[in-house]
Amino acid sequence: MSMFSTALILRTRNIARLSALQLPSRNAQLFRQYATKITEPKKKSSTLKLLLIGGAIGGTIGTVYSAYDNIGKKKATTKDLTPTILKEKPDVPVMRKIINPNDKTGLDIILFQFQTCPFCCKVRAFLDYSGLSYSVVEVDAVLRQSIKWSQSKKVPIVLVRSKDGDYVQLNDSSMIISAISSILVDPVKNDIKDVQKYYPVQKFEDVYGTLFDIANKYFLMFQDKKPKISKELFDEERKYRSWTDNHLVHLISPNVYRTYGEARETFEWFSDVGQWNVYFPEWERNLMVHVGTFAMWLISKRLKKKHGLTDDVRIHLYDACDKWMGALEKKQTTFLGGKEPNLADLSVFGVLCSMEGCEAFQDCLDNTKLGKWFYDVKAKVESNRGYRVPVSFYELQ
Ligand SMILES: N[C@@H](CCC(=O)N[C@@H](CS)C(=O)NCC(=O)O)C(=O)O
């Protein structure tokens, strides 16, 4: 891990310095791509190329670093969750923008992310399905230059423009989704500054000691409006959103880095998604793939223990897929939300997207009934991206 970090930190520092000097966010380009390939190599400007290099390095180190961090005892602190309010948006390099002419909400959303982080994939699935315009800032996982303004160093972080022109920070993927969905209930009336107050940082004690979390993060704020939805459907949606964060997501790393060979394939996929062969000299691409593979293969064993998984980690993943498909079969609808995905569909889908190119995902397709639902959600997300008029997730009374 240290050899890997040293080589890449040096490289990242140079890129970060260049980015700070040469890459104003105004130069951002429009790309309507999703979790797979970031863009076409031949059409890139040198500015974008630098951003992509930074992003790819950041993504790799981020994956290794955050997984390493997460196996320690470190729990979220108030600092990780407390939002900042900015008078102006930070002058940081934007990697790509999703622009929807049909989005009249004026929210000017900025997503700070690592491309392959499951929590970030979840937020992108939500934003794309909703048809919201947003800018993506790929965070350099070591120096985290682009989130220097933020107390929280975890991604995803989202900034949303308030009606008075300030930018309000939202931390935590589920809270981001709930808060923005709450605005969509009535975008003319609801302001992010008011909505954000309904999601305070909460301190609580349990057997693990003092913990912090964001209160109400699976709840939407309807204010004076009432949704036309049964209490059972609402509870079910919340239940599966929480299950995604507290169970499903913990199955990803132990599965995609299960064996040395699989960890290697996963990094080959990252390389493919980030087009490392185009943006890096061969020796550097190989270094990232090999050192990343080794580090994550080791780390995934500790993660497996931490989350109480048995050696046959696939079984846990299949069980999770079966549980999810069981919930859908009970309802006999295409999505948990019925004819359209709800926030639980998008959360489960988003997290699974983060392993779409891995053997573990193919195994899920071969051994469970996940496939049809997954590709149905994907089709909706892709066709709505940059096109659909953003509306409330619930019909209102
Ligand atoms: N509960 C948070 C979890 C976010 C999280 O753990 N993000 C990881 C990346 S996958 C991270 O930023 N780790 C770096 C760190 O903890 O410093 C959410 O849902 O957004």
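Which are the buried residues of α13? Some notes on that and a few other spots follow.

1. Before anything else, keep in mind that this is a predicted model. To answer the opening question, the buried residues of α13 are Leu 343, Ala 344, Asp 345, Leu 346, Ser 347, Val 348, Phe 349, Gly 350, Val 351, Leu 352 and Cys 353. Put as a count, 11 of the 11 residues in this helix (residues 343-353) are buried, and α13 is mostly covered.

2. For the overall picture, the protein chain has 15 helices and eight strands. Of its 397 residues, 46% are buried. If you take the contacts between residues at least 6 apart in sequence, 80% of them join residues at least 24 apart.

3. Now have a look at strand β4 (residues 134-138). Five of its five residues are buried, so the strand is largely enclosed by the rest of the structure. Tyr 134, Val 136 and Glu 138 point one way from β4, while Ser 135 and Val 137 point the other way. Both sets are buried, and that includes the charged Glu 138.

4. What does β4 pair with? One partner is strand β2 (residues 96-98), which pairs with β4 in the antiparallel sense over three bridges. Within that pairing, Lys 97 has Ser 135 of β4 as its bridge partner.

5. Strand β3 (residues 109-113) also pairs with β4, but here the two run parallel and are joined by five bridges. To find the register on screen, look for Leu 111, which stands opposite Val 136 in β4. Val 136 is also one of the buried residues on the side of β4 that carries Tyr 134 and Glu 138.

6. Next, a helix pair. How do α12 (residues 313-331) and α14 (residues 359-367) cross? Their axes come within 10 Å, at an angle of roughly 55°. That angle is neither under 35 degrees nor in the 65 to 115 range, and the two helices are therefore oblique to each other. The crossing is right-handed.

7. As for who makes that contact, α12 supplies Arg 314, Leu 317, Tyr 318 and Cys 321, and α14 supplies Ala 360, Asp 363, Cys 364 and Asn 367. Sorted by class, the contact has five nonpolar, one polar and two charged residues. The spacing along each helix is easier to read with one rule in mind: an α-helix has 3.6 residues a turn, so residues three or four places apart point the same way.

Note on methods. Residues numbered from 1 in each chain as written. Predicted model: local features only at pLDDT ≥ 70, side-chain atom pairs only at ≥ 80, totals over all residues. Axes fitted to C-alpha atoms, helices over the stretch in contact; angles between N-to-C directions. Helix = DSSP H or I, 4+ residues; strand = E, 2+ residues; numbered from the N terminus. Parallel < 35°, antiparallel > 145°, perpendicular 65-115°, else oblique. Left-handed = near helix turned anticlockwise from the far one by under 90°. Contact = placed C-beta atoms within 7 Å. Buried ≥ 20, exposed ≤ 12 C-beta atoms within 10 Å, placed from the backbone. Pairing = 2+ DSSP bridges.
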